[in-house]
Amino acid sequence: FDHKFERQIDCQKFCAGLRALRFEGDPELLFLRLDVDKIDEVTLDIIDPDAAKLWMGFRMWCVKTFTDEKTMINELSRGYGCASRDAFVTNLRRLGWAGESGENEELLFEALNLHDKQELRPNDLTFFAVDKRKFMKARKGMQEAVKLKTHAAQKRTLMTKARKDFKAFLKKKF
């Protein structure tokens, strides 16, 4: 449904996705029932909070663990350049994925397998580049915040020392 990984979809995309799945109900009515905020968009959090938590956790683990899509697939396939379902499922745990129940690796493979192939390739990880940029930007922001805090702490230490030295000077003088 959300092929651009924007984390929300409007009614048109939602209905098109349901029609592609041959949904037998009324997709517009279902959308209206899910769009409780009436902002003409729904998110995975609204539809399935547990799946949203799994999906976001997996995506964040990927960008923290691997430098890029190619490296990820090479690690998951042990160097073959494409990861079969079995390789994906087996190697996620080996590489440190600690998903909740241990049964979600197949679901993750299916979520990534948008073209219904037998294997995943780097270009199937379309979320990766977007999430990596966001992750690196957030990391840079955190590093800058730490630098600012460190600088402020150093300033306070210098001020305290200067105040102490000045008091000592005044005591000597008077």
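Helix H2 spans residues 27-34, and its buried residues are Pro27, Phe31 and Leu34. Viewed down the H2 axis, these buried residues fall within an arc of 65°, so they line one face of the helix. An α-helix has 3.6 residues a turn, so residues three or four places apart point the same way. The model is a predicted one.

What covers this buried face? The cover over the buried residues of H2 includes helix H1 (11-20) and helix H3 (44-47). The N-terminal end of H2 is capped by Asp26. A side-chain oxygen of Asp26 lies 3.1 Å from the backbone nitrogen of Glu28.

Next comes the link from H2 to H3. Thr43 sits in the loop between these two helices. Is Thr43 buried or exposed? Thr43 has a relative accessible area of 19%. Buried means under 20%, so Thr43 counts as buried. Setting aside neighbours within four places in sequence, Thr43 is in contact with Arg7 and Gln8.

The surface offers another view. Phe166, Phe169, Leu170 and Phe174 make a nonpolar surface patch of about 480 Å². Of these, Leu170 belongs to helix H8, which covers residues 127-173. Leu170 has 32% relative accessibility and therefore counts as partly exposed.

The table sets out Thr43 and Leu170.

| Residue | Place | Relative accessibility | Class |
|---|---|---|---|
| Thr43 | loop between H2 and H3 | 19% | buried |
| Leu170 | helix H8 (residues 127-173) | 32% | partly exposed |

Conventions. Residues numbered from 1 in each chain as written. Predicted model: local features only at pLDDT ≥ 70, side-chain atom pairs only at ≥ 80, totals over all residues. Heavy atoms only, no water. Patch = residues over 30% accessible without salt bridge, like charges linked within 9 Å, V, L, I, M, F, W, Y side chains within 5 Å. Areas by Shrake-Rupley, 256 points an atom, 1.4 Å probe, with all protein chains shown as cover. Salt bridge = Lys/Arg side-chain N within 4 Å of Asp/Glu carboxyl O. Helix = DSSP H or I, 4+ residues; strand = E, 2+ residues; numbered from the N terminus. Buried < 20%, exposed > 50% of the residue type's maximum accessible area, 1.4 Å probe, protein only. Arc of directions from axis to C-beta. Contact = heavy atoms within 4.5 Å. Polar contact = N/O pair within 3.5 Å; in protein donor to acceptor, adjacent residues only side chain to side chain.
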